[in-house]
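Work through the exercises below with the sequence and structure in view. Each task is followed by a solution in steps.

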Amino acid sequence: MDKNIGFIGCGNMAKAIIGGIVNSKLVSPENIMASNPSNKSLDFVRDKYEVRTTNNNLEVADFSDILFLAVKPNKYKEIICQIKNSVKKDVIIVSIAAGITIETMESYFERDIKIVRTMPNTPALVGEAMSAICGNYIVSSEELATIVKIFESFGKTEIIEERLMDAIPSISGSSPAYVYMFIEALADGGVLRGIPREKAYKLAAQAVLGAAKMVLETGKHPGELKDSVCSPGGTTIEAIYTLEKNNFRGTIISAMESCTEKAIKMSNSNK
Ligand SMILES: NC(=O)C1=CN([C@@H]2O[C@H](COP(=O)(O)OP(=O)(O)OC[C@H]3O[C@@H](n4cnc5c(N)ncnc54)[C@H](O)[C@@H]3O)[C@@H](O)[C@H]2O)C=CC1
Ligand SMILES: O=C(O)[C@@H]1CCC=N1
């Protein structure tokens, strides 16, 4: 792809996305530039992925056809005010922040500007991100397709209406954290019964990966797949009974509601 892609902020997400893009060879490293106030993460991406780096956000703004704002949501206003007169006229701004609406970003720019709001996740680093994407009214379908192509270089994508974006962290942006807790718990349960810890992590993580692939690749309902594991009078149904008694699914949905409420609160407070 013949575009310059910039990242303002080079933390966990920028490193994951840069790694994903470079590994997929969609864009050559010299067409990628990242800025950050401190050098540690810049040194990491320069050494590992051979991308350009700088401490100057304006240099990235000036360089980029597509500009990722990869800072924490509470920095968006400050960063947009800093760069808004330095970005290219036709730049596409890509937000990855939880809890900042397109309308809020447009108000910070104080002019018409192309904005694509997204919610990726950290598995971008291994090419397995899930990203929700929506564009504002001046982003053409070709431009949106270009952004989708970038996100597809490090995972899967869905175009989502903006009114649903505050619910996306709960299901895919933040959910890797709960899945890691689930894997950790499975492994601990294995260790409790004498399985060596490293083997326990592998057993647990591959079971989660395999189950997720079954959902994605067979197209079967998760309930049907669950039923096919439960032998009548067998071991699995005993585990399912204990999970149901302890409100496993209700607990997950409650956690997702807390996550979404937080995103809505952030969206309102960033206005
Ligand atoms: N961590 C995650 O799993 C996900 C995070 N996000 C979003 O990604 C964004 C970034 O999150 P993380 O990468 O996790 O945070 P992070 O804290 O790892 O990275 C943010 C980076 O921005 C840099 N920074 C701070 N002030 C700056 C400035 N004035 N100019 C340039 N850089 C500056 C920091 O030094 C840091 O390296 C957030 O808006 C978050 O909502 C979205 C999806 C998943
Ligand atoms: O915790 C957060 O706010 C970010 C957004 C999605 C994942 N991490």
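**Exercise 1: the two domains**

Find how far apart the C-alpha centres of domain 1 and domain 2 lie, and describe where the domains touch.

Solution. The C-alpha centres of domain 1 and domain 2 are 31 Å apart. This is a predicted model. Domain 1 covers residues 5–165 and domain 2 covers residues 173–267. Next, take the contact: nine residues of domain 1 meet five residues of domain 2. On the side of domain 1 that touches domain 2, five residues are nonpolar, four are polar and none is charged.

**Exercise 2: a pair of helices**

Determine how helix 8 and helix 9 are oriented to each other, and which residues make the contact.

Solution. Start with the bounds: helix 8 spans residues 175–192 and helix 9 spans residues 197–218. Their axes are 8 Å apart, and the packing angle is about 135 degrees. Angles over 145 degrees count as roughly antiparallel and 65 to 115 as roughly perpendicular, the rest in between being oblique. Helix 8 and helix 9 are therefore oblique to each other. The crossing of helix 8 past helix 9 is right-handed. Helix 8 contributes V179, F182, I183, L186, A187, G190 and V191 to the contact, and helix 9 contributes R197, A200, Y201, L203, A204, A205 and V208. Sorted by class, the residues of this contact are 12 nonpolar, one polar and one charged.

**Exercise 3: the shell of a ligand**

List the residues that surround ligand 2 and sort them by class.

Solution. The residues around ligand 2 are A98, P169, G173 and S174. Two residues of the shell around ligand 2 are nonpolar, two are polar and none is charged.

Note on methods
Residues are numbered from 1 along each chain as its sequence is written. Chains are lettered from A and ligands numbered from 1 in the order in which they are written. This is a predicted model: local features need pLDDT of at least 70, side-chain atom pairs count only at pLDDT 80 or more; totals for chains, interfaces and linings use all residues. Axes are lines fitted to C-alpha atoms, for helices over the stretch in contact, and angles run from 0 to 180 degrees between N-to-C directions. Helices (H or I, at least four residues) and strands (E, at least two) are DSSP runs, numbered from the N terminus. Angles under 35 degrees count as roughly parallel, over 145 as roughly antiparallel, 65 to 115 as roughly perpendicular and the rest as oblique. A crossing is left-handed if the near helix is turned anticlockwise from the far one by less than a right angle, and right-handed if clockwise. Two residues are in contact if their C-beta atoms, placed from the backbone, lie within 7 Å. Ala, Val, Leu, Ile, Met, Phe, Trp, Tyr, Cys and Pro count as nonpolar, Asp, Glu, Lys and Arg as charged, and the others, Gly among them, as polar. Domain bounds come from an automatic or database domain assignment. A residue is near a molecule or strand if its C-beta atom, placed from the backbone, lies within 6 Å of it.
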